[in-house]
Protein chains: 2
Amino acid sequence: MTFDQILVFHKIVELGSFKSAAAELNKTQPAISFSIKKLEEEMGVELFDRSLYRPTMTSHGRAFYERSSAIIISMKDLENLSKSFLQKEEPEIGFSLDGICLNPKLLKFVKSFSDRHPFTKLNLCIDTLSETERRVFSKECEIGMTHFIKEPQFLDVFPVDKVTMVPVMNKELLKEKKVKDQSDLLLIDQIVIGDKNPQGASFGLLEGGKKWRLLDNNFKKEIIFAGLGWGHLPLHNIEKELKEKKLVILEFEDIHPKDLQVNLIRHKKHQFGPVAKTLWDELIAFHQ
Amino acid sequence: MTFDQILVFHKIVELGSFKSAAAELNKTQPAISFSIKKLEEEMGVELFDRSLYRPTMTSHGRAFYERSSAIIISMKDLENLSKSFLQKEEPEIGFSLDGICLNPKLLKFVKSFSDRHPFTKLNLCIDTLSETERRVFSKECEIGMTHFIKEPQFLDVFPVDKVTMVPVMNKELLKEKKVKDQSDLLLIDQIVIGDKNPQGASFGLLEGGKKWRLLDNNFKKEIIFAGLGWGHLPLHNIEKELKEKKLVILEFEDIHPKDLQVNLIRHKKHQFGPVAKTLWDELIAFHQ
DNA sequence: AGTCATAATAAGTTTAATTTATCGTGTTCA
DNA sequence: TGAACACGATAAATTAAACTTATTATGACT
């Protein structure tokens, strides 16, 4: 059984005659007859009833038609994949996003981009601190979005956004501990993200204080909300809680809101495919 | 792109080498190399990385593999369909069941039979009165199950079951109308199923009474429950309601519970395929 | 270094698909 | 009703493809 035979069969059903199927498939009518004959021999039954003027599917033919439709569809999909390859589209690209840049609009854009490039698997990594830079440097990811850049000489860097990091703590905790100035903070746990890279710095670290180091971004917000300590969080993530006065902003000599520059980065020595290029361009356009 | 090429590709991935794939597919190694080369030419990319000793999928290869798996599965399905055809299995059979024979056990059996014959579409018709016989006679359905047989000379008839039809009415209605004997019933609507065949008789009809004729079995039970009239219902369908005394059985000269013989029927002059034969045999075994 | 295993390539062969030409049959329309 | 037309089956010839044998190159194993 050949895919070609199945295609011929479907074209006949679709167009209603051997001859028109032949024309559409750029073959002669006997070739069509022969294809169907071979198929019928292999199946051991007639698929078309020729006793009528127009060929009609037999009950066997109908059963075959139903079950072979899936193949036609899958095959079209594969041919689209082939076209995507011929256009040099990458089968897979990686995009590393620093957790502080996460916001619903951006995620919606990423989803839309992914949908518009169905043959490229978009691997999204939500990372912290040096991890995004490392992923881009090691070419695990084609594109990164982060504030943390240690070795810009190897990277294309394009500033796209600002994120305000605000040191906050739970209001109850503030009252309970009677925090008046920066030194009071030393007695309270600081919630920080630990960097996987041992040489990587942490952001906004208060020297001399106690620290809770989390391995990732997942629960930092919840832990600070719960009043287990203080820490920096992106302003756009906590606007609701600030308005409800559940959290208070800390303002001291070293500890106060700071704007972070967020950049798109990609490796200078990397050949990018059309999808990665488009993603880069669209990310820049998205932030203007 | 050929189905054969896809199969070759999958065999290589599965077995890890061109040579073993060749052996498994009863071809020589160059034939395998050639197939893959053609496929790669058409896709415009390399699917295997040959720089390592063992061929490894490239990222393009992995994308191709994922998207082509569906075709492998569909094709195996089609080949099973082909085997089913070669065993002369019917692509479709019809089974007409008189509504009075309906019960959960039988339906469960029919479901199980259908599952055990995935390549035969089992069309189940729930019919009434002469409809089952007509369907079998006209060869719309291979097998029927009914008490109603008018022209047994054309049919194989095999008795399998008895169904007790009991004339019942709502208890409230009985009290309200003070039904003491058969003549009292004439004043109450009789709920009967109308036969589609004009020559077909109805069952248990009380001459001279008022009648509600329903076109099918669907609401007869509900209508009698609701106290809109009296009528015959299969005992096995109303045991719960009799126990709860919501319905009462009518016992008069002509109107009283009657046992109906239920038979399997099939057309004498019909060539049956293996699935219809098996269904016939299993239905008989099921009722013993 | 030498042997074994794997895959690419080339040339020749076989098989399968396709075409041209022809025939019979059913349809259409004057 | 019969002539022109359309459709599909068949046969023979042609073309294209797939496959095989033989050979070479390269990595792996000892």
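Helices (H or I, at least four residues) and strands (E, at least two) are DSSP runs, numbered from the N terminus. This is a predicted model, in which local features need pLDDT of at least 70, side-chain atom pairs count only at pLDDT 80 or more, and totals for chains, interfaces and linings use all residues. Residues are numbered from 1 along each chain as its sequence is written, chains are lettered from A and ligands numbered from 1 in the order in which they are written, and side-chain values use heavy atoms, with hydrogens and water left out.

**Exercise 1.** Find the protein surface near DNA strand D, and say which helices build it.

*Solution.* Start with the neighbours: a residue is near a strand if one of its heavy atoms lies within 4 Å of it. DNA strand D has 16 residues around it, and F18(A), K19(A), S33(A), R50(A) and T28(B) are the closest. On the DNA side, sugar and phosphate make up 70% of the strand D atoms within 4 Å of the protein.

Next, assign the elements. Helix 2 (18-24) and helix 3 of chain A, along with helix 3 of chain B, each give at least two residues. Helix 3 of chain A contributes the most, four residues.

Now look for polar contacts (pairs of N or O atoms within 3.5 Å; within protein, one must be able to donate a hydrogen and the other to accept it, and residues adjacent in sequence count only if both atoms are side-chain atoms). A polar backbone atom of K19(A) is 2.7 Å from a phosphate oxygen of strand D. Q29(A) reaches a base nitrogen of strand D, with a polar side-chain atom 2.9 Å away.

**Exercise 2.** Which side chains lie beside phosphate oxygens of DNA strand C?

*Solution.* Take the residues in turn. For R50(B), a side-chain N or O atom is 2.5 Å from a phosphate oxygen. For K37(B), the corresponding distance is 3.2 Å. From chain A, K27(A) places a polar side-chain atom 3.3 Å from a phosphate oxygen.

**Exercise 3.** Place strand 5 (residues 143-146) of chain B among its neighbours, and decide whether its faces are covered or not.

*Solution.* First, the pairing, which requires at least two DSSP bridges between two strands. Strand 3 (residues 92-98) of chain B pairs with strand 5 in the parallel sense over three bridges; here S96(B) partners G144(B). Strand 11 (residues 258-267) of chain B runs antiparallel to strand 5, joined by four bridges, and R266(B) stands opposite I143(B).

Then, the faces. I143(B) and M145(B) on one side, and G144(B) and T146(B) on the other, are all buried (under 20% relative accessible area; exposed is over 50%, partly exposed in between; 1.4 Å probe, protein chains only). Both faces of strand 5 are covered.
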